[in-house]
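This report describes one protein chain together with its ligand. The account moves from a helix end to the whole chain, the ligand shell and two aromatic residues.

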Amino acid sequence: MSVGIPSTRANTNQSTGGINISVDKPTHGNMLNENYQYHYGTELTDKEFNQLSSFIYNEYGIKMPPAKKIMLQSRLQKRLKALKMTSFKEYCDYVFSPEGVNEVIHMMDVVSTNKTDFFREPTHFEFLTDVVLPEFTAAGQRAVKIWSAGSSSGEEAYTLAITLSEFSQSKTPIDFQIIGTDISTQVLKTAIDAIYKEDKIADIPLTLKKKYFLRSKDPNKRLVRIVPELRQRVKFGRLNLMDDVYSIGETFDIIFCRNTLIYFDRETQEKVINKLCRHLRSNGYFFLGHSESITNMNVPLKHIKPTIFKRI
Ligand SMILES: C[S@@+](CC[C@H](N)C(=O)[O-])C[C@H]1O[C@@H](n2cnc3c(N)ncnc32)[C@H](O)[C@@H]1O
């Protein structure tokens, strides 16, 4: 779609330190251009901030207190630029109109915080290898289904696949299937492509790198891709954890929901954990991120270790 810039505006485009900025031409005085960064009207007013933050909170659970106004403004500047819009008013009118339904997807791409890593919080993967998988296999289980809820760009899901594959080869053969879900389509695309910068796997032991990552033919690109044997066991899809019912007709043995609930308030966290538990089998394991807890929550989980729980 194309949105025209009102012709009444007279702007000069200037390049400062590699960043393209568009400024109003000073009409008088000796004012420095660097003082002008945004088009007039591209500052988020309190009214627009409240409109957007209430929507993001109600629809996606993500808390947006007033302290996040500048962050939201700067992240959404990218969307204004992409849509060639010159004010947040224009953007709000569009995003809340029937024509703007797809823009919500792009908005969530820039609003969500997607930080993740391979083998992030490594003790969880050690716990899987040393406790969970031996427990499952000792009970005769030979297939495991895992859900990475809030998977971001897929590093967590592929780390689970590597962990399961290693266990299966060195201990007891076990089949496995992993599902990753997120609200951001942008990170999901990376997850499906399974292509990462080589730096991202710098800390992974060489034996695992050789087994599970392919290097790009052009070494200058410094990219790696997860091997097809693992990719075929990991699937990704868009799912909003705020949905009343999750469109995922499966029950899992293990759910990872790490560093995602941290953006929700306590009440929402409790509701989401209860909904996730409906998809976790009895005695299945549930993992939270290092700074998340279920203290004082009414959820069907039993504490095993900090951030590790079992479905009652
Ligand atoms: C910081 S990342 C965590 C990634 C990974 N689990 C980890 O621990 O490394 C949080 C992810 O949660 C996703 N997220 C936030 N709100 C969500 C929602 N309502 N439904 C689904 N995913 C959501 C974000 O898009 C983001 O990719």
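Which residue follows helix 5, and is its phi positive or negative? The residue is Gly140, and its phi is positive, near 95°. The coordinates belong to a predicted model, and every value below is computed from that model.

**The chain as a whole**

The protein chain contains 10 helices and 12 strands. It has 312 residues, of which 32% count as buried. When contacts between residues at least 6 apart in sequence are considered, 70% of them join residues at least 24 apart.

**The ligand shell**

The ligand is surrounded by 24 residues. The closest are Ser112, Thr116, Gly150, Ser152 and Asn259. Sorted by class, the shell comprises 12 polar, seven nonpolar and five charged residues. Why does the ligand lie between domain 1 and domain 2? Both domain 1 (11-24 + 31-111) and domain 2 (123-311) give residues to the shell, so the ligand lies between them.

**Two kinked helices**

Helix 5 and helix 2 are set out side by side in the table.

| Helix | Residues | Span, first to last C-alpha | Expected span | Kink |
|---|---|---|---|---|
| Helix 5 | 123-138 (16 residues) | 21 Å | 22 Å | about 40°, centred on Thr129 |
| Helix 2 | 69-82 (14 residues) | 20 Å | 20 Å | about 30°, centred on Leu76 |

In helix 5, the span of 21 Å is close to the 22 Å expected at 1.5 Å a residue, and the helix has a kink of about 40° centred on Thr129. The buried residues of helix 5 are His124, Phe125, Leu128, Val132, Leu133 and Phe136. These residues pack against two strands that are early and late in number, strand 3 (143-149) and strand 10 (280-288), as well as against strand 9 (252-257) and helix 6 (155-170).

In helix 2, Leu72, Leu76 and Leu80 are buried. An α-helix has 3.6 residues a turn, so residues three or four places apart point the same way. Leu76, one of the buried residues of helix 2, is also the residue on which its kink of about 30° is centred. The packing partners of the buried residues in helix 2 are helix 1 (46-60), helix 3 (88-95) and helix 4 (101-111). Helix 2 is followed by Lys84, which has a positive phi, near 55°.

**Two phenylalanines**

Phe119 is found in the loop between helix 4 and helix 5. Is Phe119 buried or partly exposed? With 19 other C-beta atoms within 10 Å, Phe119 is partly exposed, because a residue counts as buried if 20 or more such atoms lie within that distance. Not counting residues up to four places away in sequence, Phe119 touches Phe125, Thr159 and Ile204. Phe125 is in turn one of the buried residues of helix 5. Ile204 lies 85 residues away from Phe119 along the chain, yet their C-alpha atoms are separated by 8.1 Å.

Phe88 is found in helix 3. This residue has 25 other C-beta atoms within 10 Å and is therefore buried. Leaving aside neighbours within four places in sequence, Phe88 is in contact with Thr42, Leu44, Thr45 and Glu48. Between Phe88 and Thr45, which are 43 residues apart along the chain, the C-alpha separation is 8.1 Å.

Conventions. Residues numbered from 1 in each chain as written. Predicted model: local features only at pLDDT ≥ 70, side-chain atom pairs only at ≥ 80, totals over all residues. Helix = DSSP H or I, 4+ residues; strand = E, 2+ residues; numbered from the N terminus. Buried ≥ 20, exposed ≤ 12 C-beta atoms within 10 Å, placed from the backbone. Contact = placed C-beta atoms within 7 Å. Near = placed C-beta within 6 Å. Nonpolar A, V, L, I, M, F, W, Y, C, P; charged D, E, K, R; others polar. Domains from an automatic or database assignment. Expected span 1.5 Å × (residues − 1). Bend = angle between axes of the 7 residues up to and from the residue.
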